[in-house]
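Hi everyone, thanks for making time this morning. I'd like to walk you through a structure that may be new to you, so let's bring it up on the screen.

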Amino acid sequence: MTALLLILASAALSGMILILFSNLLSFPRLEPVYTSNSSARVSVLVPARNEAAVIGASVRSVLGQSYTQLELIVLDDDSDDGTESAAIDASASDDRLRMIRGRPVPCGWLAKSWACQQLAEQAGGEILVFTDADVRWHPRALDSMLYEMVRTDADMLAIMSTQETESWPERLCVPLMALAIHAYLPAVGVHRTNHPHLSAANGQCIAFKRAAYDSMGGHACVRDSILDDIGLARCAKRAGLRLQMAEACGLITCRMYSDWRTVREGYAKNMLAGFGGAAGLVAGTVFHWVVFLGPWILLGIGFAGEPVPWHPYWALLLIWAGLLVRATSAWRTGQRAGDALLLPISVLLMTCIAVQSLWWHWRHGGPLWKGRRAVV
């Protein structure tokens, strides 16, 4: 059994390392540019529900872009914390900001997809940029995005925002999103094939050509999907559109969560759907235990006197490989590479989040998010 575990972990980590180093060479990165080579009018679209604490900084950063041919539309989704006033105050009377009130969510729709659909209906731009209320924009971020869209002829550009992490729960959990993208998903497959499962996106920042967005049916194609971002990427591929990804490299940043409660609830909201259901989530959790915790356990078993093949060298090599994957993906995406040393704790925390997700599913039929049921 110990030999089998070592073989399985070796195979998995070898595949991750190959994908990771392939992505180091092929995964595009935004670079600050002084001209985008685009004259398109851009609609920056922000769904906001109870975001008064963060939306002001986001509005200021969007309106402060070097690319000025833009409109900013914020949908106030039944907020009760002064979100609308905070956004208007931050705009300093800039007439490029327009506030709209969200309509009630229809049957069969999830709230965020419905909010984005309403925003798209109000937008007048040739490029639609969907972004969250807690995202911050470097002054040349929009120029850089448009330059990348022109360079790659992308119909849909999925930006992987640079994640800001401060508390220990953030530092231990949030960077695993980058590990999943860079060590599990080859960018070459995303960009050069039409297979919908070779797709990724981050809902914090997604740009579409307007014609492409309309041709795939807009957010109606993901009306009931809690993973609306990945769902949009798959819809784009099914519609024969060109999907491109790019790392933000600090030009577009976001602090998603602030403490263990928000980390746990935020990831638990999406985790079950991300793994395709309860069976997939359990299997995925076991897989990560085998790959990232198994070598540590076998190292300890060997020192306790139990027979472990090639002890301690094989287990140590796999521990080093796991830390390499975690540290390299963190370095690539602007995170703290040294936090990789705490990878076993990260896996245990993600196991707790998986349990939360399963509990919500079995006890309540799905997660709650911002006071509302997050599933249809």
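Here is a question to start us off: which residues in the largest nonpolar core touch the most other members? Before I answer, please keep in mind that this is a predicted model. The residues to look for are Leu13, Met16, Cys173, Tyr267, Phe292 and Ile353, out of 40 in that core.

Where do the core residues come from? Helices H1, H6, H7, H11, H12, H13 and H14 each give two or more residues to this core. The biggest contributor is H14, with eight residues.

Let's zoom in on Cys173. Leaving aside residues up to four places away in sequence, Cys173 touches Trp260, Val263, Tyr267, Leu349, Met350 and Ile353. Apart from this core there is another one, made of 39 residues, and Ala48, Val62, Ala133 and Cys205 are among them.

Now for the strands, beginning with S4, which covers residues 127–131. Is S4 buried or exposed? Five of its five residues are buried, so S4 is largely enclosed by the rest of the structure. On one side you have Ile127, Val129 and Thr131, on the other Leu128 and Phe130, and both faces are covered.

Who are the partners of S4? Strand S1, residues 42–48, pairs with S4 in the parallel sense over four bridges, and Leu45 has Phe130 as its bridge partner in S4. Strand S8, residues 205–209, runs antiparallel to S4, and five bridges join the two. There, Thr131 of S4 is partnered with Cys205 in S8.

Next, please find a three-stranded open sheet, with the order S5-S10-S7 and mixed pairing. At its edges are S5 (135–137) and S7 (162–163), each pairing on one side only. S5 and S10, the latter spanning residues 252–254, run antiparallel and are joined by three bridges. One pair to point at is Val135 with its bridge partner Cys254 in S10.

My last stop is helix H5, residues 141–152. From first C-alpha to last, its 12 residues reach 17 Å, close to the 16 Å expected at 1.5 Å a residue. Nine of those 12 residues are buried, so H5 is largely enclosed by the rest of the structure. The buried ones include Ala141, Leu142, Met145 and Met149, and also Asp143 and Glu148. Just after the helix, have a look at Asp153, which takes a positive phi of about 55°.

That's my tour, and I'm happy to go back to any part of it.

Methods:
Residues are numbered from 1 along each chain as its sequence is written. This is a predicted model: local features need pLDDT of at least 70, side-chain atom pairs count only at pLDDT 80 or more; totals for chains, interfaces and linings use all residues. Side-chain values use heavy atoms; hydrogens and water are left out. A nonpolar core is a set of buried Ala, Val, Leu, Ile, Met, Phe, Trp, Tyr and Cys residues joined through side-chain atoms within 4.5 Å. Buried means under 20% relative accessible area, exposed over 50%, partly exposed in between (1.4 Å probe, protein chains only). Contact means heavy atoms within 4.5 Å. Two strands pair if DSSP finds at least two bridges between them. The expected span of a helix is 1.5 Å times one less than its number of residues.
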